[in-house]
Amino acid sequence: MIPATDITLGLLAGGRATRLGGIDKAWLTRDGMSQVERWRRRFAAETSAILVSANREPEGYERIGLRPVADRTSADLGPLAGLDALAA
């Protein structure tokens, strides 16, 4: 078993949200709780850190104890750019 201190979780929370009219999917709420907060609570005890691939409003993620990571490239690579940023 891998100890939680050796695990970092990376969430892909970025994106343009074009199908939602630009609404940031990470902050959609269900039962009064945002999706990103739900994931944070679910995995907090099983990880040492949770990184969030996000290019918008990093302050919101920081406020709930997550570390936002912006894409390292300006090219529109979608989720691949997020995975690259999280891996780096």
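Leu12, Leu77, Leu80 and Leu83 together make a nonpolar surface patch of about 400 Å². Keep in mind, as you look around, that this is a predicted model.

One member of the patch, Leu80, is a good place to start, since a helix comes with it. Leu80 sits in helix 3, which spans residues 79-87, and is exposed, with a relative accessible area of 60%. Ala87 is likewise exposed on that side of helix 3. Turn to the other side and the picture changes: Ala81, Gly82, Ala85 and Leu86 of helix 3 are buried. Viewed down the helix axis, these buried residues fall within an arc of 135°, so they line one face of helix 3. What do the buried residues of helix 3 pack against? Their partners are strand 1 (8-12), strand 4 (49-53) and strand 5 (67-69).

Now to the interior. The largest nonpolar core has eleven residues: Leu9, Leu11, Ala13, Ala26, Val36, Phe43, Ile50, Val52, Ala54, Tyr61 and Leu66. Strand 1, helix 1 (35-43) and strand 4 each contribute at least two residues to this core.

Helix 1 also brings us to the charged side chains. The structure has four salt bridges, and three of them are set out here.

| Salt bridge | N to O distance | Accessibility of the Arg |
|---|---|---|
| Arg40 and Glu37 | 2.7 Å | 22%, partly exposed |
| Arg41 and Glu37 | 3.0 Å | 53%, exposed |
| Arg42 and Glu46 | 2.5 Å | 46%, partly exposed |

Through salt bridges that share partners, Glu37, Arg40 and Arg41 are joined into one network. Is Glu37 buried or exposed? Glu37 is buried, with a relative accessible area of 11%, below the 20% limit used for that label. The spacing along helix 1 is worth a glance too: Arg40 and Glu37 are three residues apart, which puts about one helical turn between them. Arg41 and Glu37 are four residues apart in helix 1, again separated by about one helical turn. In the remaining pair of the table, Glu46 is partly exposed at 39% relative accessibility.

Finally, two backbone details for anyone checking torsions. Asp31 has a phi near 55°, a positive value in a residue other than glycine. Asp31 lies in the loop between strand 2 (29-30) and strand 3 (33-34), where its relative accessible area of 76% makes it exposed. Glu57, also not a glycine, has a positive phi of about 45°. Glu57 belongs to the loop between strand 4 and helix 2 (58-63) and counts as exposed at 53% relative accessibility.

Terms used: Residues are numbered from 1 along each chain as its sequence is written. This is a predicted model: local features need pLDDT of at least 70, side-chain atom pairs count only at pLDDT 80 or more; totals for chains, interfaces and linings use all residues. Side-chain values use heavy atoms; hydrogens and water are left out. Patches are made of residues with over 30% relative accessible area and no salt bridge: like charges are joined within 9 Å, nonpolar side chains (Val, Leu, Ile, Met, Phe, Trp, Tyr) within 5 Å. Accessible areas come from the Shrake-Rupley method with a 1.4 Å probe; for residues, only the protein chains shown count as cover. Buried means under 20% relative accessible area, exposed over 50%, partly exposed in between (1.4 Å probe, protein chains only). The arc is that of the directions from the helix axis to the C-beta atoms. Contact means heavy atoms within 4.5 Å. A nonpolar core is a set of buried Ala, Val, Leu, Ile, Met, Phe, Trp, Tyr and Cys residues joined through side-chain atoms within 4.5 Å.
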